[in-house]
Amino acid sequence: MESCNCIEPQLPPDELLSKYQYISDFFIALAYFSIPLELIYFVKKSAVFPYRWVLVQFGAFIVLCGATHLINLWTFTIHSRTVAIVMTTAKILTAVVSCATALMLVHIIPDLLSVKTRELFLKNKAAELDREMGLIRTQEETGRHVRMLTHEIRSTLDRHTILKTTLVELGRTLSLEECALWMPTRTGLELQLAYTLRQQNPVGYTVPIHLPVINQVFSSNRAVKISPNSPVARLRPLAGKYPGEVVAVRVPLLHLSNFQINDWPELSTKRYALMVLMLPSDSARQWHTYELELVEVVADQVAVALSHAAILEESMRARDLLMEQNVALDLARREAETAIRARNDFLAVMNHEMRTPMHAIIALSSLLQETELTPEQRLMVETILKSSNLLATLINDVLDLSRLEDGSLQLDLGSFNLHSAFREVINLIRPIASVKKLVVTLHLAPDLPEYASGDEKRLMQTLLNVVGNAVKFSKEGSISITAFVAKAESLRDPRAPDFFPVPSDNHFFLRVQVKDTGSGINPQDYPKLFTKFAQSQSLPTKNSGGSGLGLAICKRFVNLMDGHIWLESEGLGKGCTAIFMVKLGVTECCTESKLPAATNASMNHAQTAFPGLKVMVMDDNGVSRMVTKGLLVHLGCNVTTVSSGDECLRLISQDHHVVFIDVCMYDGYEVALRVHEKLTKRHERPLTVALTANSDKATKDHCRRVGVNGVVLKPVSVDKMRSVLSDLLEHRNLV
């Protein structure tokens with residue numbers, strides 16, 4: 001075309017070829033002009049294409065190509081130079097734009113290739129994501145089945161229901177043909193078919209536990225495919241069918257060594273049950289991974305549920321056993337309370353009934369002692385009095401020990417003269433010691449308070465018992481009594497690890513040491529020194545008159561007073577030292593008023609007879625009434641006796657000075673109260689004295705409530721009656 005002379009007319013072309021070229025150039029130009037329109041539409045709609053300027057350049061190239069072909073239409077005929085110039089210009093521009101576009105494509109093709117690579121990578125990632133989403137959906141489906149199965153399994157804590165529900169739900173969820181559970185026997189040597197889904201095999205069938213297939217399953221924590229012909233998989237008759245795939249999984253069993261459940265195997269090491277699952281026969285279905293995972297999770301859930309069931313069964317059994325024990329303990333407690341009440345009632349009755357004749361013996365013997373007697377008669381009377389006093393002491397010890405053991409004995413706390421209490425004990429012991437020519441000395445430390453707060457009666461009883469033992473087991477020599485305030489460094493004693501005394505400004509610990517030169521103690525006798533009714537075989541106690549209760553009661557009294565008691569001896573024939581510490585309160589002086597009793601009354605009154613003293617005695621026991629009257633008559637009193645409360649209230653008047661009332665009578669306290677109501681004026685009212693066989697705190701409190709002025713514990717001797725009357729008349733205003 002460049003060799004063509006466009007000015008000079010050319011040879012006429014072939015008509016047909018020219019016609020085809022003309023039509024082709026027209027359609028090429030049309031196609032070239034349509035492509036930019038499509039590119040413009042693409043650029044407008046694409047907001048993310050990064051090469052818009054390249055598309056513009058490519059569009060210009062296409063437009064120029066189209067323009068070239070379009071201009072070429074005029075070259076098929078005779079044309080002017082202008083057409084040739086336009087044609088040449090178009091071709092030059094087309095060449096420039098095409099070269100620029102080619103050079104640009106060299107730069108952008110690698111980018112386009114990387115985009116293509118990324119696109120392929122994203123496609124692969126999308127495919128992988130689709131697979132993962134499929135797995136997630138599968139896991140969600142598995143999780144849903146697990147939650148459903150777990151809910152069904154844990155909806156009960158009965159192990160039989162748990163295992164049966166597990167088989168049913170697994171069979172329904174996985175469309176199983178058969179599912180079975182093999183449990184270990186008690187011996188642990190066999191597996192026993194315990195549960196099946198279709199119940200076509202006899203439950204109780206056993207296989208050895210050491211089979212290779214069982215060991216294979218037990219050694220793995222995953223579900224294991226096993227042969228359908230293995231002993232544990234032959235659950236159904238095949239009848240010519242092709243067996244489905246079978247898997248087995250172990251089910252951990254709880255260590256039952258701490259639970260001892262009645263009908264569960266005794267498992268001291270880790271054991272497993274075996275769960276076997278079979279797909280339908282004559283089926284091409286195979287086990288999928290998610291199904292195996294579902295089976296493994298369910299096996300673990302069954303193990304957890306079984307452990308909970310085991311704990312619940314054991315707790316219920318323990319609860320039932322505890323309830324039985326509580327019922328038995330409650331019955332035993334009621335029986336013990338009934339026995340204690342019966343014993344207390346018996347002791348109360350026996351106390352009253354024994355003290356009544358003792359009252360007669362001691363009172364009449366003391367009256368007889370004050371008459372003219374021959375030496376032989378006086379010895380007999382003194383022997384009677386001594387034996388009677390020993391018997392009365394034994395009665396007191398038995399009652400005190402009974403109250404100490406059942407916890408009903410309470411301390412009667414109050415302020416008292418501590419120095420006077422020691423001196424009174426010495427005055428009581430010294431006559432007995434003088435008979436054996438024993439020297440009794442008392443040493444009270446200068447820092448020992450004169451007054452203290454505590455139970456004076458129990459302290460004196462303890463001191464009398466300890467000093468009395470020293471006198472009893474000493475034939476000659478001396479007995480020394482030392483009392484002082486225990487220092488802080490000497491409070492702890494290694495022999496009493498449970499004794500933790502704590503000093504305080506409000507109290508102090510009194511330490512008393514009683515040392516004798518008696519027979520001493522054998523070291524082997526130490527353990528039973530404070531045991532009731534126990535006596536040392538090495539000591540000459542057969543003629544001592546002891547009952548084996550003194551030290552036992554002392555120990556309990558000392559414990560009540562937050563103290564400690566022990567004995568020290570270097571051996572037989574080397575004497576003994578009894579030491580005890582008790583806790584006493586600090587007080588300035590003795591301020592508490594007490595009912596006068598025989599143990600607190602002064603023994604040295606100037607008045608020995610009471611001529612003209614008008615006294616009434618109310619007692620329903622004729623012997624006791626006669627004996628009390630005899631004592632009072634001997635002391636010069638004018639005595640009126642009555643046997644009932646009505647008679648007492650009818651005869652009582654303001655002329656009577658003292659009324660003795662046996663409060664053990666059914667209406668004793670009521671009579672004492674009505675005497676006060678009848679004679680309202682204090683100076684006209686007689687003093688009321690309670691005659692009782694029980695001097696515990698409850699009796700004294702009851703006496704105070706009804707206005708009784710004094711308490712006398714039977715039996716009563718002449719000296720005791722004289723002391724009580726003197727004390728009452730001296731302290732007329734005592735309440």
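Where does His69 lie? His69 is in helix 2, and the tour starts there.

This is a predicted model, in which local features need pLDDT of at least 70 and side-chain atom pairs count only at pLDDT 80 or more, while totals for chains, interfaces and linings use all residues. Residues are numbered from 1 along each chain as its sequence is written, and side-chain values use heavy atoms, with hydrogens and water left out.

**Stop 1: helix 2**

Select residues 52-71, which make up helix 2. Helices (H or I, at least four residues) and strands (E, at least two) are DSSP runs, numbered from the N terminus. Cys65 belongs to helix 2, as does His69. The UniProt annotation "binding site", from an unreviewed entry, covers Cys65 and His69. UniProt positions are given in the numbering used here, feature names are shortened, and annotations may be inferred rather than shown by experiment.

Are these residues buried or exposed? Cys65 counts as buried because its relative accessibility is 10%. His69 has a relative accessible area of 24%, so this residue is partly exposed. The cut-offs are under 20% relative accessible area for buried, over 50% for exposed, and partly exposed in between (1.4 Å probe, protein chains only).

**Stop 2: the loop after helix 4**

Select Ser175, in the loop between helix 4 (159-174) and strand 1 (178-184). Ser175 is not a glycine, yet its phi is positive, about 55 degrees. With a relative accessible area of 42%, Ser175 is partly exposed.

**Stop 3: strands 4, 5 and 6**

Next select strand 5, residues 246-253. Seven of its eight residues are buried, so the strand is mostly covered. Strand 4 (residues 224-226) runs antiparallel to strand 5, joined by three bridges. To see this pairing, show Val224, which stands opposite Ala248 in strand 5. Two strands pair if DSSP finds at least two bridges between them. Strand 5 is also joined to strand 6 (residues 271-278), by eight bridges and again antiparallel. Here Val249 stands opposite Met275 in strand 6. When colouring side chains, recall that in a regular strand they alternate between the two faces of the sheet.

**Stop 4: a cavity lined by helices 8 and 9**

How many cavities of 30 Å³ or more does a search of the whole structure find? The search finds three. On a 1 Å grid over the protein atoms alone, a cavity is a set of points where a 1.4 Å probe fits but cannot get out; lining residues have an atom within 4 Å of a point. Grid points are joined across faces, edges and corners, and a volume is the space filled by probe spheres set on the points.

The second largest cavity has a volume of about 50 Å³. To display its lining, select Leu418, Ala421, Phe422, Val425, Leu459, Met460, Leu463, Val512 and Phe580. Helix 8 (418-435) and helix 9 (456-472) each supply at least two of the lining residues. Helix 8 gives the most, with four residues. By class, the lining has nine nonpolar residues, no polar and no charged. In this count, Ala, Val, Leu, Ile, Met, Phe, Trp, Tyr, Cys and Pro are nonpolar, Asp, Glu, Lys and Arg are charged, and the others, Gly among them, are polar.

**Stop 5: helix 10 and its end**

Select helix 10, residues 550-560. The buried residues in helix 10 include Gly550, Leu551, Ala552, Ile553, Cys554, Phe557 and Val558. Asp562 follows helix 10, in the loop that leads to strand 12 (564-568). Phi of Asp562 is near 55 degrees, a positive value in a residue other than glycine. Asp562 counts as partly exposed because its relative accessibility is 43%.

**Stop 6: strands 14 and 15**

Show strand 14 (residues 614-618) with strand 15 (residues 638-642); the two pair in the parallel sense over five bridges. Between them the chain crosses through helix 11 (residues 622-634), and this β-α-β crossover is right-handed. That term applies if, with the strands pointing away from the viewer, the path from the first strand over the helix to the second runs clockwise. Val617 has Thr641 in strand 15 as its bridge partner.

**Stop 7: either side of strand 18**

Select Asn709, in the loop between helix 14 (697-705) and strand 18. At 10% relative accessibility, Asn709 is buried. Asn709 and Ala690 are 19 residues apart in sequence, and their C-alpha atoms are 8.0 Å apart in space.

Finish at Pro715, in the loop between strand 18 (710-713) and helix 15 (718-730). The peptide bond that joins Lys714 and Pro715 is cis, with omega about 0 degrees.

Methods. On a 1 Å grid over the protein atoms alone, a cavity is a set of points where a 1.4 Å probe fits but cannot get out, and a pocket is an open set with protein on both sides within 12 Å along at least five of seven lines; lining residues have an atom within 4 Å of a point.
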